[in-house]
Amino acid sequence: MSGPLADARTAVAFLTRIPVSDGRTLDAAGLSRAAMWFPAVGLLVGGVLGGTRLLADLAVDPAPATLLALFAAIVITGGFHEDGLADVSDAYGAHVTRERRLEILKDSRVGTYGGLALVFMVLLPFSVLVGLSGEDVLLAALTAHVLGRWSVLPHSLLAAPARAGGSGTLVRATPVGLAVTSVFAVAVAVLCAGVGPGLLAVGVAVVLTFGGGLVLARQFGGVTGDSFGAVNKVVELATYVVLAAAWS
């Protein structure tokens, strides 16, 4: 199978644990074509998070309902981007050479900085989302996960891969793909969050994507799969904060 539907299937298989893969190896060309579908996958994951909160609200208080919603998003993605931010936190926090930082990125063990980042990744969205209604959590989650996945495309164009053959080579957005996904991401943000809050969230996402991406590229000597995940997660968390503040 080839074409847009195959690319969409590749994007879902790569970014989630939904069993849609046909068993083929994910290569650089295939993932780069599939990148145009990344924000749409964010719409799926955000819908799972928000839908879980709405359903859980029928049975339990907002606090456990919010935890269940966050857990549902982690389950469907396999903690993909959380792992990236934890790895980047360990590598970035270490006072070592660039080569050693790249070795830390490849290490599956979680260090002090990574552990602290994981705690932060649960406590921040929980503290922000628990005070919102189920409907607002759904809208915030759709916006946040779309903008987070969108961030991978411009991030991939900021620098060359940090290491030859590394995961940074797997995604390389095209100008057309970036333009299409940017329009889609802005539309989702405005429709879900409102014009003012939505555009504010988009602006923050742009700043964090380019600012964070460039900082990490300088530290690691280029882009990596972990840096994609880290920026993605930071954009997601920042979107929750921005929208909650704008809606208050």
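Student: How far apart are the end C-alpha atoms of helix α7 in this predicted model?
Tutor: Helix α7 runs through residues 112-129 and holds 18 residues. At 1.5 Å a residue, the expected span is 26 Å. The model agrees with this expectation, because the end C-alpha atoms of α7 lie apart by 26 Å.

Student: How wide an arc do the buried residues of α7 cover around the axis?
Tutor: The buried residues of α7 are G114, A117, M121, P125, V128 and L129. They sit on the same side of α7, because the arc they cover is only 90 degrees.

Student: Which residues are exposed on the other side of α7?
Tutor: The buried residues of α7 are covered by elements including α3, α4, α5, α8 and α12. On the other side of the helix, the exposed residues are T112, L116 and L123.

Student: Which helix gives the largest share of the largest nonpolar core?
Tutor: The largest nonpolar core has 63 residues, and L129 and Y240 are among those with the most contacts inside it. The largest share of this core amounts to nine residues, and these come from helix α12.

Student: Is R53, which forms a salt bridge with D57, buried or exposed?
Tutor: The closest N and O atoms of R53 and D57 are 2.9 Å apart. The two residues are separated by about one helical turn, because they stand four residues apart in helix α3. D57 counts as partly exposed at 28% relative accessibility. At 2% relative accessibility, R53 counts as buried.

How values were computed. Residues numbered from 1 in each chain as written. Predicted model: local features only at pLDDT ≥ 70, side-chain atom pairs only at ≥ 80, totals over all residues. Heavy atoms only, no water. Core = buried A, V, L, I, M, F, W, Y, C linked by side-chain atoms within 4.5 Å. Buried < 20%, exposed > 50% of the residue type's maximum accessible area, 1.4 Å probe, protein only. Expected span 1.5 Å × (residues − 1). Arc of directions from axis to C-beta. Contact = heavy atoms within 4.5 Å. Salt bridge = Lys/Arg side-chain N within 4 Å of Asp/Glu carboxyl O.
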